[in-house]
Amino acid sequence: MDLFDEEAIEVKRVIQDAKDIGKVFTDFSKPFILPASQANNKIFKHFYNFNIQGGFDARVKVPGEIYLNHQLYKRGKIFLASVNMRNNAPYSYEVTFFGNTVGLNDKIGDDKLSDLDLSDFDHTYSYTNVKSIFRGDGFTPSLSGPGFVASGDTTSLIYPLITSKRRLFYNTTLNNTTDADIHYDGNLHFFTDAERGVSHEDLKPAVKIHYIIKAIEAKYDLVLIPNDTIGTKDFLSRHNAAISNLYLWFSNNSGNITNRVDGNNYFFTNIADNLVLDADSDDDFSFFSASGQYATITSTFTDDVREKGGSAGNGFGFYLRVDPGPSYNDVPWRVYLRDEDNPGSYVATMEGTGDQTFFINGSSLSGKSKDKRYFIELQSKSAMEQTEIRFYCMEFKPGVNDQEMYSDLVSTDSENMKAKSNVPDMKVLEFLDGLMKMFNLTAYVIDDESDPEYGVDSQGTPNVVKITTLSEFYNDAVNNQTNGLIDVTEYIDIESHKVATSLPFSELNFKYQDSETLLRKNHLESFGDSFGDARHILRDEYDFDNSRFYGDKYEIKVPFEILKYEHIRDESDNTTNIQWGYAAGGDFQTTGDTPPKGDYQSKDVKPLLFYGISVGGILEAQAESMNFMDNTGANFESVNRYYRPSNTSALITVDSDGIFSDSAPYHLTFDAEIDEFTGAPATNTTKTLFFNFYKDYVKSVFDKDKRMFTFQAHLPPKILTVLKLNDQLKIQDVVYRINSITTNLVNGKSKLELINLNSTEIVE
């Protein structure tokens, strides 16, 4: 593109800024001006003229490259902000350059987790099936979706011991039918009209977050785990112990999975998968056909056909009809017409009871540029058998009553757990951002073609995103083309530079979402702080002089909730191997009972992450037997294996004296907390999220000997084109870490924000 001779074009490169440690950045430029030259007008397709068909689309960022002395400097995106006009003629274009990492926002947008194809995890929700998965017999994915579950990983989906309504306790001394506990002694225990034990309808499933990441990769043509082998540094790999057994609880409402207190009780579902042409139907609409699960509308169904309906008609209309059998006329149902390319949303929907027909305007069905396939999903509040579903098209034309109809008999007599219907209500970007904040991760697009992990999507755009911890990012500098150290002494402007404190904050606060769940609320009332959160007052931790301390408070709040779990104690001998999560809160509904027999009020828990630990198998000693039952109490049996939800990645070891001998490798709490399962006390070496992922970086920035140096330099293209943000810069005898670099690409001047490193921090 043509440039103005004197126009400054500045690109700022920063990946994590000490002044804003909770964010991951990308390269970006200040808006700069390009002349409206003949060449630039051609590139921007005379954007100022809105009458041009197929003109430049300024709503989206487009791929762009910056070269210095004919050497590739940066790949990224160009965004056209405006055109400056003079005397009714174009004078200049105002544009901004962004690094490729910003492409994640463009690709994903406001999509939610429910927009992902998670159908690998669809399964029958029944007493037998849930019990089998709950006790660790293994889950076999349906593989009806992309099939991204690793071969042999039968733990990709589990049912953890988390209940939303029923309160659990255990007492081996209670053996009569008036007591309410989950202890199994061969009898089912009752109190009033509520059976006790763990019911399959108490439980909701959970999926390993690794496979949520794989679903994101599949939908958006991204690679977020370029190396998924043992020993990899890619944080989201299934081999990384920090997340290998980290699960996302599939709950998007309070209450039980089948009796939702939010009123969304359409739990029984099925797909019309045998659409056939009715015998009395016309078969003369070439653009419309159906077979098996899909109805197809071809690209020949253009606006012209839609609107005119042939030579002199008034258009085409589509209809969906639901016709339950006479035994099910009072059962509420809901029907969806869904697009195969976007199954998480719908083209049309209707709900009701009995026979119903609804109209779908032909203009809402796409066929303009390619053939489109649609499928029909029926949901009901209780089981329905042999409901007739009809999908048909009619031509509105005087004297003509042509219609083409396809039908199927659909039964919703199975309780099908549809993953997309139960995944938490959360945006995909919010999910990724939450992980980045929890584990202090950094991300960048690999756009160097010489990198062995480089790759592109179907449009030829770099799509491999490297996600690592910040410490791994800096340690990997030795693998750079520069070997991780560049001496820039000769390029520094020695006339002046600036030295400031590297300490921008006085206090760091790490927070989960607020919670109304019972134990976490009780923790706040008892101890004055919220379980899992952390408050780090830096002057106390780093021996600062209080009288001269300066800085603001900084808060990092993740979009997830955390539960405090309860290790259930046997009232008789104070021991069990049962740890349980309770997604409920509020006031106790029954008082005066010993032990208490009532339930608390279900709470709508924000997206919940936890470690799933198998109890009763190889990892731990045999667990106590507990009642496992269906919702009617007709079926019950002993279960002594289960998955316990945990805030630690593994069992914490406690010696014979009850002393905390070693911390689990990973904790989900930001602050050190007493371990719920072992009762082991918190220590200053407890491997919390702060200890594992933030402490070293914070200390390196906030140490009293650290400074933020600002230098002016004239870095030549031979350095700028190979320099990476984890490279260390050497000026005379001091080695620095890069906080940010802002470069004027026209005159070659660079502003360097650097933090000095001590000898133990230098990567060699």
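Start with Ile216: once you skip its neighbours within four places in sequence, Ile216 is in contact with Ile108, Leu116, Leu224, Val428, Phe431 and Leu432. Contact here means heavy atoms within 4.5 Å. Keep in mind that this is a predicted model, where local features need pLDDT of at least 70 and side-chain atom pairs count only at pLDDT 80 or more, while totals for chains, interfaces and linings use all residues. Residues are numbered from 1 along each chain as its sequence is written, and side-chain values use heavy atoms, with hydrogens and water left out.

**The cores**

Ile216 belongs to a bigger picture: Ile216 is among the residues with the most contacts inside the largest nonpolar core, together with Phe121, Leu161, Ile212, Phe431 and Phe439. That core has 137 residues. A nonpolar core is a set of buried Ala, Val, Leu, Ile, Met, Phe, Trp, Tyr and Cys residues joined through side-chain atoms within 4.5 Å. Buried means under 20% relative accessible area, exposed means over 50%, and partly exposed is in between (1.4 Å probe, protein chains only). Helix H4 (residues 209-220) brings the largest share of this core, 7 residues. Another core lies apart from it, with 31 residues, including Phe301, Phe318, Phe358 and Phe391.

**The chain overall**

Zooming out, the chain has 764 residues, and 53% of them are buried. Its secondary structure comes to 13 helices and 47 strands. Helices (H or I, at least four residues) and strands (E, at least two) are DSSP runs, numbered from the N terminus. If you take the contacts with a separation of 6 or more, 71% of them are between residues 24 or more positions apart.

**Sheets and strand pairs**

Two strands pair if DSSP finds at least two bridges between them. One open sheet has 5 strands in the order E16-E25-E24-E19-E22, with antiparallel pairing. Its edge strands are E16 (276-277) and E22 (356-361), and each pairs on one side only. In E25, Tyr406 is the bridge partner of Leu277.

Another open sheet has 3 strands, ordered E32-E31-E33, and here the pairing is mixed. Strands E32 (534-537) and E33 (552-557) stand at the edges with a single partner strand each, so one side of each is left without a neighbour in the sheet. On average, neighbouring strands of this sheet are turned by 15° against each other, direction ignored; the axes behind such angles are lines fitted to C-alpha atoms, for helices over the stretch in contact, and angles run from 0 to 180 degrees between N-to-C directions. Within this sheet, Phe510 stands opposite Ala534 in E32.

Here are some antiparallel pairs, with their bridge counts:

| Strand | Partner | Bridges |
|---|---|---|
| E16 | E25 (residues 403-410) | 2 bridges |
| E31 (residues 505-511) | E32 | 4 bridges |
| E30 (residues 498-501) | E44 (residues 707-714) | 4 bridges |
| E44 | E47 | 7 bridges |

You can find E44 in the table with two partners. Look for Thr501, which stands opposite Arg707 in E44, and for Gln712, which stands opposite Lys751 in E47.**Glu566**

Glu566 is found in strand E34 (residues 566-567). Is Glu566 buried or partly exposed? At 27% relative accessibility, Glu566 counts as partly exposed. Not counting residues up to four places away in sequence, Glu566 touches Leu519, Ile578, Gln579 and Trp580. Glu566 and Glu676 are 110 residues apart in sequence, yet 6.2 Å apart in space, C-alpha to C-alpha.

**Pockets and cavities**

Now for the empty space. On a 1 Å grid over the protein atoms alone, a cavity is a set of points where a 1.4 Å probe fits but cannot get out, and a pocket is an open set with protein on both sides within 12 Å along at least five of seven lines; lining residues have an atom within 4 Å of a point. Grid points are joined across faces, edges and corners, and a volume is the space filled by probe spheres set on the points.

The largest pocket has a volume of about 1100 Å³. It is lined by 46 residues, and the closest to its centre are Tyr444, Asp448, Asp451, Asn480 and Lys724. Strand E5 gives the most to this lining, with 4 residues.

There are also 2 cavities of 30 Å³ or more in the structure. The largest cavity holds about 60 Å³ of space, and its lining includes Tyr474, Tyr697, Arg737 and Leu757. Helix H12 (695-702), strand E46 (734-744) and strand E47 (749-756) each supply at least two residues of that lining.
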